[in-house]
Amino acid sequence: MVTYVEAGTAPLRNTGQIRLYGPDAFEAMRVVGQLVARALDEVTELVQPGISTKEIDDFLFAFGEKHNAVPATLNYRGYRHSSCTSINHVVCHGIPNDKPMRDGDIMNIDVTYVLDGWHGDSSRMYMVGSVKRAAMRLCEVTHEAMMRGIDAIRPGVRTGAIGAAIQNFAEAERCSVVRDFCGHGVGRLFHDAPNILHYGSPNEGVELREGMIFTVEPMINLGRPHVKILSDGWTAVTRDRSLSAQYEHTVGVTTNGCELFTVSPAGLHRPGIDLKAA
Ligand code: MF3
Ligand code: CO
Ligand code: CO
């Protein structure tokens, strides 16, 4: 049986109980969520052929420092960077390095800042130079899949409703949903209960209640869903080397739906797509 607890009263570790947060927490999450969103906005113009993912990571560290925020990934389970940068067939947890980005690459940048003890977690796809149609379409499908999952959120439904909405859309578009990683409770902790699966059926999972805060972060592949982890212990890639995309928002459940904490103030949550459309 799953139990829900008033967030302030529960110990600061993942006990499996689900924290329900109040208005003060929502306000703090707005602040850190907007900081993450601004960082992901500002990074947009840096992403050009020739720049390395290490340079992007350095920018994200410095941006956090300027705003009294620390990247949650720094020294997290031995991870040593401020962001994950996942290029082309990398599904997630790509490690920033010195290699220059190349024209036609697609890349997910995922950053989590901790501000006054609150975690804001978001990621987007970026297009380097001009990108092939199939890659562009994968990014569009992945963003739409995430938004359909988010649209399913309201008190009383189960987490499975989110997964079902994502899977139904992605598979109708002949793409596949990665099973090995999921969304997660977030707030005082980086990774908390419950897990948010990006596949499944509406009668599965735990019931959503007002005050829950979690991420929705589907990874969608053009080919098959299977992944493997490289020998660095982090980098997840598609087994068939097909392209993979991911977007991530942090959301809070409200009386009749949810609030998105990580909306782009510049309207750039889909940088490659929205800039080209403009
Ligand atoms: N930000 C990722 C997430 O969305 C987690 C990255 S953990 C790391 O949950 F250690 F790989 F950075
Ligand atoms: Co996350
Ligand atoms: Co993330």
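**Ligand 1 and its two cobalt ions**

User: How far is an oxygen atom of ligand 1 from an N or O atom in the side chain of histidine 184?
Analyst: The pair is a polar contact, that is, N or O atoms within 3.5 Å. This is a predicted model in which local features need pLDDT of at least 70, side-chain atom pairs count only at pLDDT 80 or more, and totals for chains, interfaces and linings use all residues. Residues are numbered from 1 along each chain as written, chains are lettered from A and ligands numbered from 1 in the order written, and side-chain values use heavy atoms, without hydrogens or water. The separation from histidine 184 is 3.0 Å.

User: How much of the accessible area of ligand 1 does the protein cover?
Analyst: On its own, ligand 1 has 340 Å² of accessible area (Shrake-Rupley method, 1.4 Å probe). The part covered by the protein is 96%.

User: Which glutamate has a polar side-chain atom 2.8 Å from an oxygen atom of ligand 1?
Analyst: Glutamate 248 has such an atom at 3.0 Å from a ligand oxygen. The distance of 2.8 Å belongs to glutamate 217.

User: Which residue coordinates both cobalt ions?
Analyst: Ligand 2 is bound by Asp121 (OD), His184 (NE2), Glu217 (OE) and Glu248 (OE) at 2.0 to 2.2 Å (donors are N, O and S atoms within 2.8 Å of the metal, or 3.2 Å for Na, K and Ca). The protein donors of ligand 3 are two OD entries of Asp110, with Asp121 (OD) and Glu248 (OE), at 2.1 to 2.4 Å. The two ions are 3.3 Å apart, and the residue named as coordinating both is aspartate 121.

User: Why is the arrangement around the cobalt ion (ligand 3) irregular, and what angles do its six donor atoms subtend?
Analyst: Six donors count as octahedral if opposite ones are over 155 degrees apart and all others between 65 and 115, as for four square planar donors; four are tetrahedral with all angles between 85 and 135, and anything else is irregular. The site of ligand 2 is also irregular, with angles of 52 to 158 degrees among six donor atoms. The arrangement at ligand 3 is irregular because its donor atoms subtend angles of 58 to 164 degrees.

Notes. Polar contact = N/O pair within 3.5 Å; in protein donor to acceptor, adjacent residues only side chain to side chain.
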